[in-house]
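Here are some exercises to work through with the sequence and the model side by side. Try each task before you read its solution.

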Amino acid sequence: MSDRVQKYSAPVVILVIILILWEGVVAAFEIEQFLLPRPTVILANLVNLVLLTPDPTAISMAEVDARLKANTLVIVVPAGAPDQFKSAVAAAAMLRLPVGSSTLLLLPGKNLSPILQASWFTLREALGGLAIGSGLGILVAMSTARWAVTREALMPFAIAVNSMPIIAFAPITNNWFGIDNPFSKMVIVALMTFFPTMINTVRGLTLVDQRSLELMRSYAANEFEILRKLRIPNALPFIFNGLKVSAALSMIGAVVGEYFGGPRIALGVFITQEAALFRFSSAWAAIIIACGLGIALYLLIIFAERLAMPWHSSFR
Amino acid sequence: MAKPTGFLSGFKPALYFLVIALLLVFAWEGYKLLGAPGGKYLRGTAPVKVGDERVPGPLCDSLGWCEVELPIRTDDRAMPPIKDIVLTIFEPPRRGSNDMLLTILFKASLFTLQEALAGFVIGGLLGFALGVIFAHSNLLERGLLPYVVASQTVPLLAIAPMVVIWLGGNWFSVAVIAAYLTFFPVTINTLRGLRSPEPTAVELMNSYAASTWEVLWKLRVPAALPFIFVALKVSATASVVGAIIGELPSGIADGLGRVILNFNQYYATGPEKLWASILFASLTGMAFFLIIAVLEKLLVRRQPVDLV
Amino acid sequence: MEHPVILINNLNKIFGEGTANAVHALKDISLTVQSNEFISLIGPSGCGKSTLLRIIGDLTQPTAGDITVNNKTAHQARLDRDYGMVFQAATLYDWRTVAKNVQLPLELMKYPRAEREARTEKMLKLVELGDFAKHYPWQLSGGMQQRVAIARALSFEPSILLMDEPFGALDEMTRERLNLEVLSIWDKTKTTVVFVTHSITEAVFLSTRVVVMSARPGQIAEDIAINLPQPRNADTREQVRFFELETEVREALRKSESQKL
């Protein structure tokens, strides 16, 4: 077995074992579904929520049921789909009609199921905040690289603010920019991501090997050249470290910020509402999506890191 | 030969912090001054009432800047004066209550801090144990570490509602959240630190025929301490945040979460109170962080190295 | 009376045996070290002298051949803590004071506290660092750190001392001074020393025998007895006989290199 396969198979095997145990334990001990749903139930819920649901204004569910009983093949297509798409689907379906059925029903679906819309909304908050916060963080850090005094002054403050529960400011931003406005959460995410990025970038710009600095000075390089040719490349691993932390924080900040209030079409609000209604399997499904998005952001940063730093020892 | 850094140098960061905090206070009040009465527009661009008429503002006439909307309103409701925020701490939050807001906030932060501390200790011990296990078993590390990492990307605070309800909505369930937020950084950094000693340092131990246990406690753990403290500082903050968020959906009345929610609800009647409580929550987070930083200075006595 | 402390017979060491990148580091090494001898191993870079030292110390194992230390296997000798080792880097633990660093092996060997402290004090005095017991490694110069490492290696009075280019990173004057110290310690404690070095002067100055090794695969090219009078001092280096022996060693080194070609 190749080394790579071996590396990836171990976690996969353990995941499978955990899932089987989870399912087994819940079934065997007959744990209440609202306390700890079974993985299969969560998965079913996830599939249900994510797939297109038929637009209830076009046709009632009772009618759909009746048609299904009459052996009609029911297919849901996106509401905005062009006619050619619908014809193509109809043609393909004709080939697969169940024996004995003679009709095909194409239903227009809502464009996106609610949970996907909510995910997109929250993801935009996270991405926007991440971009603003880490972008500013890197810029501010770069500007302090030149003058040690600004750095000495800003760092303690940055470290202190980084130790505050910034999310607690969500009610304030909600009041300033409006509860339904995604910008109010974006500000929170920006604040949360600004400080780790800034701190890490400053560290990367200053923790340069003394001998490398002396080498540059022996070439009579000016401060700007030193910044460009030495400090910044040196800082790249640190910057990406900060970005990884920020990526993880961004999704959290967006979702939790919504706990203090947000529009209905937001993931955090969705989760709290489902939990309050004891519909845990759908709350879990939403959490899995939030999880997945967080991981995706993190992987994005790792991918960018590999592009930017192919020479780094961790990738050799 | 290097000299150990002096005692007074520890005060410099605190001084800088205060300077910047003061600058922020000035910026706050300065921004407020930019607002026209009413708070919505930039001073000088809003229409002014002269007698019974509404006349365009002076800047509108001269520069053409008419009704420039400020990004954040400057009225006292949106941006309470700093003076008010400070003063409100020393008054009772509402009529009929004898305690100063300060007392209430102080008690609430102690309560939340206790929850955070409990979780912090549990998470820290668990993280340390996991780090030690992973450092010694390649198999377990390969199998479990990806999940430890993945657990970090779970917007854990999103699970807060569920965990809290599962476990009964008491201080323990909140502590569990704090523990979850702590154990990941501690695990990763313990692992890194335990593996940090140079091969020659390990060979030295081998030349003394030291057992794995002895190598662990006499070499690896002391070498890991700086790394572990980096993680503990991050976790200190995270535990407090986790505790506050965890309290939100629960019925817990004694913590900072409930206090913030209350003042959020009654924002209209006293925005300074919400600000005061949030700033207090921030101070709690910072205080915990500082305690760990001080502990680090005491326990990790060696040439200061800045670890990312 | 002959008292072989280390007996090496037809020792071979191949790194990565069986793979395409196999490196034959040591070939057919046979060497006998008597009690209280001071042996220097010298040779070109990559000749395997450090590897040989580490095999004696059981930090790595031979591929073929045998080695006996104090009439036991090298492995057993290590478990019995028969030798002390000094590496090129002082390898002091930076969270321990100087005194605590010297005590490290004593702690592991479960010496009672009072005895640990007594031995540490004695050792630090021996290397003339008694005043620095409470200092931390980073407060000491390189030479001082290396002296602490020597004190540490001797603290449990091993019968054998293995030293791997311990003074390689130091300047000439410090080196010469430390050479004198090592000799004085050797004289007082009557240990057997195996010393790896790059420096011909150092090898001749310190040893009773200089073992010259050839380039990879390392073999023993020559075994030169150094019959300079004891105790040696700063003047020894300026004697004619010293120069003659240095030349002998240098020529042996040259010959071993050209033989390879």
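**Exercise 1: a sheet in chain C**

Strands β1 (residues 4-15) and β4 (residues 64-69) of chain C run antiparallel and are joined by five bridges. Strands here are DSSP runs of E with at least two residues, helices are runs of H or I with at least four residues, and both are numbered from the N terminus. Two strands pair if DSSP finds at least two bridges between them. This is a predicted model, where local features need pLDDT of at least 70 and side-chain atom pairs count only at pLDDT 80 or more, while totals for chains, interfaces and linings use all residues. Residues are numbered from 1 along each chain as its sequence is written, and chains are lettered from A and ligands numbered from 1 in the order in which they are written.

Task: find the residue opposite C:N9, then place both strands in their sheet.

Solution. Step one: C:N9 faces C:D66 in β4(C). Step two: the open sheet has four strands, ordered β2-β1-β4-β5 (chain C), with antiparallel pairing. Step three: β2 (23-34) and β5 (72-73) of chain C are the edges, each with a single partner strand, so one side of each lacks a neighbour in the sheet.

**Exercise 2: a second sheet**

Task: work out in what order the six strands of the other open sheet of chain C lie.

Solution. Step one: start from β3 (residues 38-42) and β9 (residues 209-213) of chain C, which run parallel and share four bridges. Among their residues, C:I42 has C:V212 in β9(C) as its bridge partner. Step two: the full order is β6-β7-β8-β3-β9-β10 (chain C), and the pairing is mixed. Step three: β6 (83-86) and β10 (220-225) of chain C each have a single partner strand, so each has one side without a neighbour in the sheet.

**Exercise 3: where chain B meets chain C**

Task: which element of chain B gives the most to the side that touches chain C?

Solution. Step one: the contact (C-beta atoms, placed from the backbone, within 7 Å) takes 18 residues from chain B and 19 residues from chain C. Step two: on the chain B side, α8 (199-207) and α9 (212-247) each give two or more residues. Step three: α8(B) gives the most, with six residues.

**Exercise 4: the make-up of chain A**

Task: how many helices and strands does chain A have?

Solution. Chain A has 12 helices and two strands. From the N terminus, its elements run α-α-α-β-α-β-α-α-α-α-α-α-α-α.

Technical notes. Contact = placed C-beta atoms within 7 Å.
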